[in-house]
Amino acid sequence: MSNISIIGAGGMTAAVGGLAVKAGHTVEVMSRDAAKARALVEQLGTGATTGTFGAAPTGDIVILAVPYIAVLDVVKQYGGKLAGKLLVDITNPIKSDFTGFLTPEDSFGAQEIAKVAPADADIVKAFNTLPSHVLAVGSFERYSLDVFLAGDDAQAKTRVSAFIGSLGLRPMDAGPLFMARTLEHACMLWLGLMTHSVKHAHFSLGVSLPG
Ligand SMILES: NC(=O)c1ccc[n+]([C@@H]2O[C@H](COP(=O)([O-])OP(=O)(O)OC[C@H]3O[C@@H](n4cnc5c(N)ncnc54)[C@H](OP(=O)(O)O)[C@@H]3O)[C@@H](O)[C@H]2O)c1
């Protein structure tokens, strides 16, 4: 079992944290709003604790569960306290009107995070293509939800994949960190499908393996 720290106390923390606690992991919730963190920890139950926002996370895996517009400042604020940690970037750097991305043209969210994170932190993009309300339900009877991930460090990806698998979800490694750009675009794909064809939000992107 792993010690997971999650920075942020919103919908994604509730979803990932909920599955993690059920799977027997310990989850530390770190929020700028200590009262929100306490309320969420109470909801998550045994195995969840609150941590102080900005203090050294107790988890070896630290999930960055704040909006993209905040994440670079948050990572800078934590600074060296994230040294040696495995950072899981779940953010989607998408404009609020869904017309494009908040990142520089020649970059992408995970890369921008890597630029401000301690040099010895590993960055793995994961979970960003799964809506929190779908994730919260966990896997369905007939199939596991797919969690796409991307990163440069094979060991870090193995650890994140093991964590994903322990939640009853199916890890799908998409390749090196530059593929995080594609995963960020995949969120835009999800939004386009929701608007133009599926017409509701209760679905997830996944891989079909016929036969
Ligand atoms: N929602 C989804 O379905 C979904 C799916 C995949 C990925 N994601 C990504 O996951 C991340 C979290 O999403 P969410 O749905 O959990 O968001 P959320 O419910 O809005 O929660 C965001 C959390 O970030 C905190 N926060 C916001 N600005 C901050 C700042 N400047 N400094 C420190 N903390 C700050 C909020 O604190 P306060 O409560 O104090 O504002 C809150 O705890 C986002 O990057 C999102 O793009 C979301």
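Which residues are buried in α1? Keep that question in mind while you orient this predicted model, since the tour begins with the sheet and then comes back to the helix.

**The sheet**

Select the strands and colour them by number: 8 strands make up an open sheet, in the order β3-β2-β1-β4-β5-β6-β7-β8, and the pairing is mixed. At the edges you will find β3 (48-52) and β8 (170-173), each of which has a single partner strand, so one side of each is left without a neighbour in the sheet. From one strand to the next the twist averages 30 degrees.

Next, display the backbone of β1 (3-7) and β2 (26-31), which run parallel and are joined by 5 bridges. For a point of register in this pair, pick I7, which stands opposite M30 in β2. While β2 is selected, colour the strand by burial: β2 is mostly covered, with 5 of its 6 residues buried.

Then move to strand β4 (residues 61-64) and strand β5 (residues 86-89), a pair in the parallel sense that extends over 4 bridges. Here the residue to pick is L64, which stands opposite D89 in β5. Leaving this pair, select helix α7 (residues 180-198), which packs on the sheet and touches β6 (122-126) and β7 (146-151); the direction of α7 makes about 145 degrees with that of β7.

**Helix α1**

Now select residues 11-22, which are helix α1; the helix lies across β1, β2, β3 and β4, and runs at about 160 degrees to β2. Placing a distance between the end C-alpha atoms of α1 gives 17 Å, which agrees with the 16 Å that its 12 residues should span at 1.5 Å a residue.

The opening question can be answered here: the buried residues in α1 are M12, T13, A14, A15, V16, G17, G18, L19 and A20. That makes 9 of the 12 residues in α1, so the helix is mostly covered, where a residue is counted as buried if 20 or more other C-beta atoms lie within 10 Å of its own. To see what provides the cover, show β1, β2, α2 (34-44), β3, β4 and α5 (132-137), which are among the elements lying over the buried residues of α1. Before moving on, step to G24, just after α1, where phi is positive at about 95 degrees.

**The ligand shell**

Select the ligand and then its surroundings, which amount to 24 residues, the closest being G10, M12, V66, A70 and T91. Two elements, α1 and α3 (68-78), give two or more residues each to this shell. If you colour the shell around the ligand by residue class, 12 of its residues are nonpolar, 9 are polar and 3 are charged.

**Two phenylalanines with positive phi**

Go next to F98, in the loop between β5 and α4 (109-116). Phi of F98 is near 60 degrees, a positive value in a residue other than glycine. F98 counts as exposed because it has 12 C-beta neighbours inside 10 Å.

For a second case, select F127, in the loop between β6 and α5, where phi is again positive, near 70 degrees, in a residue other than glycine. Is F127 buried or exposed? With 25 C-beta neighbours inside 10 Å, F127 counts as buried.

**Loops toward the end of the tour**

Select A174, which has its place in the loop between β8 and α7 and counts as partly exposed, with 18 C-beta neighbours inside 10 Å. Leaving aside neighbours within four places in sequence, show the contacts of A174, which are F148, L149, A150, M179, T182 and L183. For L149, 25 residues from A174 along the chain, the separation between the two C-alpha atoms is 5.8 Å.

Finish in the loop between α5 and β7, where F140 is found and where Y143 also has its place. F140 counts as exposed, with 11 C-beta neighbours inside 10 Å, and Y143 is exposed too, having 11 other C-beta atoms within 10 Å. Draw one distance from each: the C-alpha atoms of F140 and V116, 24 residues apart along the chain, are separated by 37 Å, while those of Y143 and Q155, 12 residues apart along the chain, are separated by 26 Å.

Definitions and conventions:
Residues are numbered from 1 along each chain as its sequence is written. This is a predicted model: local features need pLDDT of at least 70, side-chain atom pairs count only at pLDDT 80 or more; totals for chains, interfaces and linings use all residues. Two strands pair if DSSP finds at least two bridges between them. Axes are lines fitted to C-alpha atoms, for helices over the stretch in contact, and angles run from 0 to 180 degrees between N-to-C directions. Two residues are in contact if their C-beta atoms, placed from the backbone, lie within 7 Å. A residue is near a molecule or strand if its C-beta atom, placed from the backbone, lies within 6 Å of it. Ala, Val, Leu, Ile, Met, Phe, Trp, Tyr, Cys and Pro count as nonpolar, Asp, Glu, Lys and Arg as charged, and the others, Gly among them, as polar. The expected span of a helix is 1.5 Å times one less than its number of residues.
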